[in-house]
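Let's take a walk through this model together. Have the sequence and the 3D view ready, and we will go from the overall layout to the ligand and then to some backbone details.

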Amino acid sequence: MGHDTASIPSPRPLRSHRPSGGLSGRFAVAGDKSISHRALMFGALAVGRTEITGLLEGEDVLRTAAAMRALGATVERLGEGHWIVAGRGVGGLVEPADVLDMGNSGTAARLICGLLAGHPIFAVLTGDASLRSRPMKRVMEPLAAFGARFTGRAGGRLPLAVEGAAEPMPLDYTLPMASAQVKSAVLLAGLCARGTTRVVEPHATRDHTENMLRHFGASVRVMVEGEGRVIELDGQPELTAAPIVVPGDPSSAAFPLVAALLVPGSELTVENVGLNPLRTGLFTTLREMGAHLSIGGERIEGGEPVGDITVRAGALRAVDVPPSRVPSMVDEFPVLAAAAACAAGVSRFRGLGELRVKESDRVAATAALLEANGATVSIEGDDLFVHGVGGPPAGGGMVVTHMDHRIAMSALVLGLATPQPVAVDDASFIDTSFPGFAALINRAAGEEAVRDEAPR
Ligand code: S3P
């Protein structure tokens with residue numbers, strides 16, 4: 001597949017092999033991607049200087065930083081993960097002089113559509129081949145109801161042009177799918193509307209937008225009613241700059257934690273992991289599989305719960321994940337599937353429809369990842385079945401990552417457990433969310449367990 005973004009160069013094949021001993025040590029993982037995008041965006045809408053520490057400096061978030069600059073905010077990097085955003089106030093963004101390229105990031109593209117919809121400016125958004133294949137209608141439709149006008153490619157794909165509304169009307173919207181990105185796009189547009197925007201989500205999704213809006217001084221009410229979770233936001237607030245401390249990303253922590261569960265003799269801690277209850281479905285699920293997983297040092301930092309997670313390798317049993325849990329672990333199924341392939345019994349993951357519109361079709365890509373390495377899987381509708389045999393499958397496969405960072409990392413985690421090494425065709429996209437992934441695994445292994453794949 002071609003690589004067509006300026007900053008992601010050539011494909012980078014990698015492979016992993018079973019280390020001679022267990023994984024051990026205490027580590028921090030990259031900052032939370034969802035919170036990092038929002039910190040930059042809300043900083044751009046706030047009055048004053050927002051200081052961010054622990055910002056994820058992955059490709060996706062750097063795209064958002066560049067877009068906020070293009071929309072008139074001052075965005076400065078002071079040091080590693082330490083950034084300052086001087087905002088323009090709600091309604092104060094300016095027309096960008098060029099196309100906004102969101103790279104691989106669906107979150108950046110969809111949330112920025114929300115920002116643009118409430119400003120009377122014209123902008124064009126594009127992305128890489130993966131992002132240009134992903135559905136944008138899910139935001140274009142509700143945002144059009146605010147008065148914004150969108151023109152895109154067939155099927156609502158990027159590139160698309162936005163003309164934001166001069167006088168956005170508040171909206172009352174029920175989410176047709178469990179998507180924090182769509183919810184957040186609507187709330188961001190609602191910031192610029194005169195009056196109260198109301199969003200109903202039948203299934204609760206991550207609430208970082210609501211939390212951060214409050215942190216910046218907006219009036220946000222959340223009620224749980226018969227129809228689901230109801231969020232009300234009073235429009236045109238004055239957002240005031242406020243410091244943001246970004247916790248470690250639980251979706252990134254998932255990779256070294258699952259690796260340590262699968263590599264015999266491991267005991268490993270990931271420190272300072274975000275434990276927002278709308279993000280922790282994987283940890284619940286791993287415990288149901290019999291994982292030795294404990295959480296210590298629980299505390300609140302920057303308005304989000306965080307803690308240190310320790311795991312110890314051991315036998316896992318199959319698990320049945322209900323559809324209601326999917327939103328709280330929507331990004332974690334590929335790596336959970338790697339664990340299920342090593343567990344005893346048939347695991348069932350139900351209601352994975354939303355995984356089909358991620359960076360790749362993750363239902364198909366996860367099944368292919370496992371099959372290439374000797375595991376048996378089946379798909380029925382939106383359910384994925386993984387047939388574990390109580391130990392790792394053979395490995396030895398070459399996994400096609402489809403420009404998807406989480407498919408790449410999941411394959412490499414599996415290869416730490418399988419008798420034969422596992423290779424991936426392109427690991428470059430890991431840098432979208434978890435720069436330093438391979439280095440962390442290699443430090444934990446005390447050897448180069450993840451390394452460049454020799455040409456075949
Ligand atoms: C995200 C929400 C999720 C998730 C994505 C980040 C966010 O997408 O998959 O990685 O930051 O809001 P959906 O809410 O669209 O499922």
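**From two domains to the ligand between them**

Two helices are a good place to begin: helix H1 (33-45) and helix H5 (180-192) each contribute at least two residues to the shell around the ligand. H1 gives the largest share of that shell, with three residues. Keep in mind as you look that this is a predicted model.

Now step back to see how the chain is organised. It is divided into domain 1, which covers 5-31 + 247-452, and domain 2, which covers 33-245. The contact between them draws on 29 residues from domain 1 and 29 residues from domain 2. Measuring over C-alpha atoms is one way to place the two parts, and on that basis the centres of domain 1 and domain 2 are 28 Å apart.

How much area do domain 1 and domain 2 bury between them? The size of an interface is often expressed as the accessible area that is lost when the parts come together. Here the value for domain 1 and domain 2 is about 2,500 Å², and 52% of it is on carbon and sulfur atoms.

Where does the ligand sit with respect to the two domains? Domain 1 and domain 2 both give residues to the shell around the ligand, so the ligand lies between them. If you would like to select the shell in your viewer, pick Lys33, Ser34, Arg38, Thr107, Ala178, Ser179, Ala180, Gln181, Arg206, Val330, Asp331 and Lys358. Sorted by class, the shell has five charged, four polar and three nonpolar residues.

Next, zoom in on some distances to oxygen atoms of the ligand. For Lys358, an N or O atom in the side chain is 2.7 Å from a ligand oxygen. Ser179 also uses its side chain, with a polar atom 2.8 Å from an oxygen atom of the ligand. With Gln181 the backbone takes part instead: one of its backbone N or O atoms lies 3.2 Å from a ligand oxygen. As for cover, the ligand taken alone exposes 380 Å², and the protein buries 96% of that.

Finally, two backbone details deserve a look. Leu158 and Pro159 are joined by a cis peptide bond, with omega at about -5°. Pro159 belongs to strand S9, residues 157-163. The other detail is Asn272, which has a positive phi of about 60° although it is not a glycine. Asn272 is part of strand S15, residues 267-274.

How values were computed: Residues are numbered from 1 along each chain as its sequence is written. This is a predicted model: local features need pLDDT of at least 70, side-chain atom pairs count only at pLDDT 80 or more; totals for chains, interfaces and linings use all residues. Side-chain values use heavy atoms; hydrogens and water are left out. A residue is near a molecule or strand if one of its heavy atoms lies within 4 Å of it. A polar contact is a pair of N or O atoms within 3.5 Å; within protein, one must be able to donate a hydrogen and the other to accept it, and residues adjacent in sequence count only if both atoms are side-chain atoms. Accessible areas come from the Shrake-Rupley method with a 1.4 Å probe; for residues, only the protein chains shown count as cover. Helices (H or I, at least four residues) and strands (E, at least two) are DSSP runs, numbered from the N terminus. Ala, Val, Leu, Ile, Met, Phe, Trp, Tyr, Cys and Pro count as nonpolar, Asp, Glu, Lys and Arg as charged, and the others, Gly among them, as polar. Domain bounds come from an automatic or database domain assignment. Contact means heavy atoms within 4.5 Å. Buried area is the accessible area (1.4 Å probe) that two parts lose on being put together, summed over both.
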